[in-house]
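Please walk through this chain with the model open beside the text. Begin with the fold, then move to the core, then to the charged pairs.

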Amino acid sequence: MSEPSLVVVDVAAADDAAALAFQQLLADRWATATAEHTTRDAGQPGVRLRCYLDLRQPLSLAAPDEALPISAAASQ
(Lines give C-alpha, C1' and ligand atoms only; values in the text may rest on other atoms or scores of the structure.)
Protein backbone atom coordinates (compact mmCIF):
# COMPACT_ATOMS: atom_id res chain seq x y z
CA MET A 1 0.00 0.00 0.00
CA SER A 2 1.19 3.52 -0.60
CA GLU A 3 0.45 4.94 2.87
CA PRO A 4 2.21 4.04 6.14
CA SER A 5 -0.03 2.03 8.47
CA LEU A 6 -2.29 0.73 5.69
CA VAL A 7 -2.02 -3.06 5.70
CA VAL A 8 -3.24 -5.83 3.41
CA VAL A 9 -4.00 -9.00 5.39
CA ASP A 10 -4.17 -12.33 3.56
CA VAL A 11 -5.75 -15.04 5.69
CA ALA A 12 -5.50 -18.78 5.05
CA ALA A 13 -7.82 -20.86 7.22
CA ALA A 14 -9.32 -24.32 7.42
CA ASP A 15 -12.87 -23.09 6.81
CA ASP A 16 -15.09 -20.06 6.23
CA ALA A 17 -16.02 -19.71 9.90
CA ALA A 18 -12.39 -19.48 11.05
CA ALA A 19 -11.39 -16.97 8.35
CA LEU A 20 -14.40 -14.73 8.95
CA ALA A 21 -13.97 -14.92 12.74
CA PHE A 22 -10.35 -13.81 12.42
CA GLN A 23 -11.39 -10.96 10.12
CA GLN A 24 -13.98 -9.89 12.71
CA LEU A 25 -11.31 -9.76 15.41
CA LEU A 26 -9.34 -7.36 13.22
CA ALA A 27 -12.45 -5.31 12.41
CA ASP A 28 -13.24 -4.98 16.12
CA ARG A 29 -9.84 -3.37 16.66
CA TRP A 30 -9.06 -1.24 13.58
CA ALA A 31 -10.83 0.44 10.70
CA THR A 32 -11.15 -2.46 8.27
CA ALA A 33 -12.40 -2.99 4.73
CA THR A 34 -13.79 -6.49 5.15
CA ALA A 35 -14.41 -9.25 2.63
CA GLU A 36 -17.95 -10.59 2.23
CA HIS A 37 -16.83 -14.16 1.50
CA THR A 38 -13.80 -16.41 1.28
CA THR A 39 -12.25 -17.94 -1.83
CA ARG A 40 -11.01 -21.46 -2.49
CA ASP A 41 -8.04 -22.50 -4.60
CA ALA A 42 -8.88 -25.51 -6.77
CA GLY A 43 -7.23 -28.65 -5.45
CA GLN A 44 -6.06 -26.96 -2.23
CA PRO A 45 -7.50 -27.46 1.25
CA GLY A 46 -8.94 -24.56 3.20
CA VAL A 47 -10.02 -21.06 2.25
CA ARG A 48 -8.45 -17.65 1.70
CA LEU A 49 -9.62 -14.18 2.55
CA ARG A 50 -8.13 -10.71 2.01
CA CYS A 51 -8.98 -7.61 4.03
CA TYR A 52 -7.44 -4.17 4.46
CA LEU A 53 -6.62 -2.43 7.76
CA ASP A 54 -5.86 1.14 8.67
CA LEU A 55 -3.70 0.90 11.79
CA ARG A 56 -3.93 4.67 12.25
CA GLN A 57 -7.59 4.29 13.21
CA PRO A 58 -7.89 2.00 16.23
CA LEU A 59 -11.51 1.31 17.18
CA SER A 60 -10.88 -0.14 20.64
CA LEU A 61 -12.08 2.24 23.35
CA ALA A 62 -9.92 0.51 25.97
CA ALA A 63 -6.63 1.47 24.31
CA PRO A 64 -7.15 3.93 21.43
CA ASP A 65 -3.47 4.80 21.10
CA GLU A 66 -2.16 1.21 20.92
CA ALA A 67 -1.68 0.93 17.18
CA LEU A 68 0.77 -1.78 16.16
CA PRO A 69 4.11 -0.61 14.82
CA ILE A 70 4.26 -1.19 11.07
CA SER A 71 7.03 -3.81 11.39
CA ALA A 72 4.99 -5.79 13.94
CA ALA A 73 1.86 -5.67 11.81
CA ALA A 74 3.73 -6.86 8.74
CA SER A 75 5.12 -9.90 10.56
CA GLN A 76 1.73 -11.07 11.83
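The paragraphs below go from the overall layout to single residues.

This is a predicted model. The chain has two helices and three strands. Along the sequence they come in the pattern β-α-β-β-α. The chain counts 76 residues, and 29% of them are buried. Its accessible surface comes to about 5,100 Å². Carbon and sulfur atoms hold 55% of that surface. How much of the contact set joins residues 24 or more positions apart? Among contacts with a separation of 6 or more, such pairs account for 61%.

Now the interior. In soluble globular proteins, nonpolar side chains tend to be buried together. In this model the largest nonpolar core has 13 residues. Those with the most contacts inside it are V9, V11, A19, L26, L49 and L53. Which elements each supply at least two residues of this core? They are β1 (6-13), α1 and β3 (47-58). Strand β3 gives the most, with five residues.

Take L53 from that list of core residues. Leaving out residues up to four places away in sequence, L53 touches S5, L6, V7, V9, L26, W30, A31 and T32. Two of these partners, V9 and L26, are themselves among the core residues with the most contacts.

Next, look at F22. This residue sits in helix α1, which spans residues 16-29. Is F22 buried, partly exposed or exposed? F22 counts as partly exposed because its relative accessibility is 36%, and the partly exposed class runs between the 20% and 50% cut-offs. Beyond residues up to four places away in sequence, F22 touches V9 and V11. Both of these valines are on the list of core residues with the most contacts. F22 and V11 are eleven residues apart along the chain, and their C-alpha atoms are separated by 8.2 Å.

Turn to the charges. Side chains of opposite charge can pair when their charged atoms come close. The structure holds four salt bridges. Three of them are followed here, including the pair of R50 and D10.

In that pair, the closest N and O atoms are 2.6 Å apart. The bridge links distant parts of the chain: R50 in strand β3 and D10 in strand β1, 40 residues apart. How exposed are the two partners? R50 has 44% relative accessibility, so R50 counts as partly exposed. D10 reaches 51%, so D10 counts as exposed; the cut-off for that class is over 50%.

Stay with R50 for its other neighbours. With residues within four places in sequence set aside, R50 is in contact with V8, V9, D10 and A35. V9 also appears among the core residues with the most contacts. A33 offers another reference point for R50. The two are 17 residues apart in sequence and 9.2 Å apart in space, C-alpha to C-alpha.

A second salt bridge joins D41 and R48. Their closest N and O atoms are 2.9 Å apart. D41 has 37% relative accessibility and therefore counts as partly exposed. R48 stands at 44%, so R48 is partly exposed as well.

The third pair is D54 with R56. Here the closest N and O atoms are 2.9 Å apart. Is D54 buried or exposed? D54 counts as buried because its relative accessibility is 8%, and buried means under 20%. Its partner R56 is at 47%, so R56 counts as partly exposed.

D54 is found in strand β3. What else does the side chain of D54 reach? A polar contact of 2.8 Å joins it to the side chain of Q57. Apart from residues up to four places away in sequence, D54 touches S5, L6, W30 and A31. Each of these four also appears among the contacts of L53.

To close, go back to strand β3. Strand β3 gives the most residues to the largest nonpolar core. R50, in this strand, bridges to D10 in strand β1. D54 lies in strand β3 too, and it pairs with R56.

Notes. Residues numbered from 1 in each chain as written. Predicted model: local features only at pLDDT ≥ 70, side-chain atom pairs only at ≥ 80, totals over all residues. Heavy atoms only, no water. Helix = DSSP H or I, 4+ residues; strand = E, 2+ residues; numbered from the N terminus. Buried < 20%, exposed > 50% of the residue type's maximum accessible area, 1.4 Å probe, protein only. Contact = heavy atoms within 4.5 Å. Areas by Shrake-Rupley, 256 points an atom, 1.4 Å probe, with all protein chains shown as cover. Core = buried A, V, L, I, M, F, W, Y, C linked by side-chain atoms within 4.5 Å. Salt bridge = Lys/Arg side-chain N within 4 Å of Asp/Glu carboxyl O. Polar contact = N/O pair within 3.5 Å; in protein donor to acceptor, adjacent residues only side chain to side chain.
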